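Colleague: Please take a close look at one part for me: the surroundings of the ligand. Then place that part in the rest of the chain.

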Amino acid sequence: MGEKKIRARLRRLIVIFLAMCVAIFWVLSYVSQSVSNLYLTSIHDRLEEQAIQYENSFHFKLDADLLTLRAMAGMLQDHPDQDAKTMLLGLQEANNASQFVRLAYFEEDGCGFRLSSKEEGGVPVCLDQLPTALQDVVALAWSGTSSFSQAFYDPHVGSKVLASATPVYTDGQICGVLVSAVESDVYAEIFSSLNSGTAAIICHNGNVVASTRTHTPDGFYNLFSSPYLSDDIKEQYRAAFEDPKVSFFEFTYQGTDYYNCVLPMEVFPGSSMVITDTDHGISTSVSEIVRLAYLAVGLFSIVSVCFMLIALWLLRRYRISLSSIAYYDSLTGAYNKAKFLQLLEERLKQASPCTVVAVNIRKFKFRNELFGTPDSDVLLRHMCTILYQHIQEGEFFCRDSADRFLICLEASEEETTEYRLQTMFTQISQVADSMHPNYPLYFYCGCASSVSYASDDPLEELMGHVMMALDVAKQGQRTTISFYNAQLHEQEKLQNYIENHMEQALTAGAFKLFLQPKIRLQDGTLGGAEALVRWINNGTQAFFPDQFIPLFEHNGFCVQLDYYMVEQACRQIRAWLDEGLPLVPISVNQTRLLFHQTGYPQRLREIAAKYQISPSWITLEILEGLAMEDVELVKQCLDELHSYGFRISMDDFGTGYSSLHTLGSLHIDELKLDRSFMVQAKLDKQGNHRKILAAIIAMSKNMNMSTVAEGVETADSEQMLQELSCDFGQGYYYSKPIPAAEFQQLYLRK
Ligand code: C2E
Ligand code: CA
Ligand code: CA
């Protein structure tokens, strides 16, 4: 899996994971909310149940008290002739059996007597001196209704009391009102079954009628004047008291949560039954569990995200270290080709064009051998430094291989690009000069612009153009900069055509054997022939060897072609033999690639054997440059070819770099002097080239090599060669390369 994919997956994983965490948190909070709602409802139900139960008990107790009072009133009814005091004293005994702390009897004028356990006999009392709560119930009794008062403090009793009043009738008429008072704390007994929390009956003005709590020293307690409850809590009580239905609320006091149920009392209007309880730690445990779950999920997500981030970070580090291996050149620290192509691919997506340049150092291999690798490395690093200094924003370069650098420049006029490159080369050369003053540094470089590429793969096309321009520049001598242009474009098209049709042409026999005679200079007789290939399509020459041979050498097809040409030459000799014609050896050009083919000499031997001809009729023309490549390999090959009987000719002698030493170490039978000797000798007034030719021919004779002069075009040339004792002449002066049949007709039938 690619690194990009891993990163994308990790990122996706983090997102999914975070989403899962959010979902878990949501579910957790939903569950905890539901649990606490459920729990709250159960508490509310419990509190309400208790409140209702206590209200009923209270109701029952009040009714009982009222019943007792009514019974007493009934007793008074039977004695209409007695005065108020006597009547009241008559009740004293009955009162001892009740819980009334006080009894009072009022007549119509509002005056009467009161009786209490602490006071002996009745004490006269007037209604208007008594608390309004009491006055209110007395007034109601006069209207025929028995009722209870709100709680009030009775200083004579020393505690808060609840008063009840009932009318006393005589002959069906209300003649007085009997009042009783009960210590309100007595009602607290109804809460005796309460196991936890507090319960209270509270008037809506805040006065506590009865409660499970002991209160202020005066025995009276008003909720709203309590110093312990905050305004907020009081406010909640107030709101609950105003609510005609049962209501619930919670508050926290000194770190404990309190749940409250406030039930308006029907039996005792203006008061509510208030039950307050804690959750006995259950809700704390539930919320503790929920909190722990939150914590666990939170911790788990943090740790997991950390792990994923670490994985991403490690991946990043891994990528950086990988990219430094994969994308940088270890020698110079510049980008390598892979990175360059990656950047270029991105750059080509931009609308503005760019120019890509390939730069090579001329004869770098030679410098490497001469001054050593460390010296060349210094030069390459220096070149890199200068390129860094010159490139501008958006431009980049790499070291492709050995001495080749690829540069991507912003597109501009060819002159500007050329000027920029020349400036860089001058600076690099200055350093090279300081290192080795006698070995000037030259470059060849190919440039192509990215404008108007229609192909599917603009990168490959552009790089192909750069390399094409580079090949052209390579043919120059000193520093050469060449640009890919229309002419090169035509050449490219031609090359494409050739490459697409070469295989087909070979099988169709389009490659024809042409022969050019080699003339013995001493007597003008035929000494041999050179096989030269011609690509003939429908009777006309399609392409010249110079158009396709270099290409075939490049793409390797030359190997197949040369085997084919050797076979054609052998077939021709066989045909001449069969026809009883005089034979001449045929020279066949051999590409350097053949020497890297395993079994090459053996294969040639097999071809000769196939046509049952002696290999001595075949001369193999090899290029001078080949000898430079791998002397040992070439020597081995040539020796083997010799052992089979083939003759070897060194073609284009004088153009390559072979040393005389190399020449000496190889077994060569013939030296073919390059055509340029003929051209130069003609131009040279001082005769220096003639002297060189003379020396080469003399040396060849000494080394038992025959000599062939190429490009003999005039009688003068022939004469010069004859004078120099050159063995053979080949050129247009005698004949152009002609079809084999024509050659046979012209030279062998004579
Ligand atoms: P080369 O081996 O040096 O062949 C000689 C070339 O010079 C031939 O060109 C020939 O036509 C030309 N020539 C001969 N006499 C004269 C003359 O008096 N004046 C001038 N100006 N030119 C002359 P051609 O046939 O176009 O071949 C070009 C090159 O192509 C050959 O150079 C050879 O290197 C290569 N070549 C041709 N045929 C083959 C082949 O079958 N195999 C291989 N590997 N290379 C071949
Ligand atoms: Ca040749
Ligand atoms: Ca030649």
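Modeller: A residue is near a molecule if one of its heavy atoms lies within 4 Å of it. This is a predicted model. Now to the site.

There are 23 residues around ligand 1. Gln516, Arg534, Asp562, Glu713 and Tyr732 come nearest.

Which elements supply the shell? Strand 19 (526-537) and strand 23 (647-653) each give at least two residues. Helix 12 (545-555) and helix 13 (557-579) each do so too. Strand 19 provides the largest share, with 4 residues.

Next, the polar contacts. Tyr732 uses its backbone: a polar atom there is 2.8 Å from an oxygen atom of ligand 1. Asn589 uses its side chain, where an N or O atom is 3.0 Å from a ligand oxygen. Glu530 also uses its side chain, with a polar atom 3.1 Å from an oxygen atom of ligand 1. How much of ligand 1 does the protein bury? Taken alone, ligand 1 exposes 780 Å², and the protein buries 85% of that.

Now the wider chain. Three domains are assigned: domain 1 (1-327), domain 2 (337-485) and domain 3, which is written in two pieces, 494-674 + 735-748. The centres of domain 1 and domain 2, taken over C-alpha atoms, are 94 Å apart.

Ser725 sits in the loop between helix 20 (715-723) and strand 26 (728-729). Its phi is near 60 degrees, a positive value in a residue other than glycine. Is Ser725 buried or exposed? Neither label fits: Ser725 has a relative accessible area of 36%, so it is partly exposed.

Ala402 also has a positive phi, near 40 degrees, and is likewise not a glycine. Ala402 lies in the loop between strand 14 (396-401) and strand 15 (404-410). Its relative accessibility is 43%, so Ala402 counts as partly exposed.

Last, a surface feature. Trp26, Val27, Tyr30, Val31 and Val35 make a nonpolar surface patch of about 500 Å². Val31 belongs to helix 1 (residues 3-77). Why can Val31 count towards the patch? Patch residues need over 30% relative accessible area. Val31 has 42%, so it passes that cut-off and is partly exposed.

To return to your site: the protein buries 85% of the area that ligand 1 exposes alone, and strand 19 supplies the largest share of the shell.

Methods
Residues numbered from 1 in each chain as written. Chains lettered and ligands numbered in written order. Predicted model: local features only at pLDDT ≥ 70, side-chain atom pairs only at ≥ 80, totals over all residues. Heavy atoms only, no water. Patch = residues over 30% accessible without salt bridge, like charges linked within 9 Å, V, L, I, M, F, W, Y side chains within 5 Å. Areas by Shrake-Rupley, 256 points an atom, 1.4 Å probe, with all protein chains shown as cover. Salt bridge = Lys/Arg side-chain N within 4 Å of Asp/Glu carboxyl O. Buried < 20%, exposed > 50% of the residue type's maximum accessible area, 1.4 Å probe, protein only. Domains from an automatic or database assignment. Polar contact = N/O pair within 3.5 Å; in protein donor to acceptor, adjacent residues only side chain to side chain.
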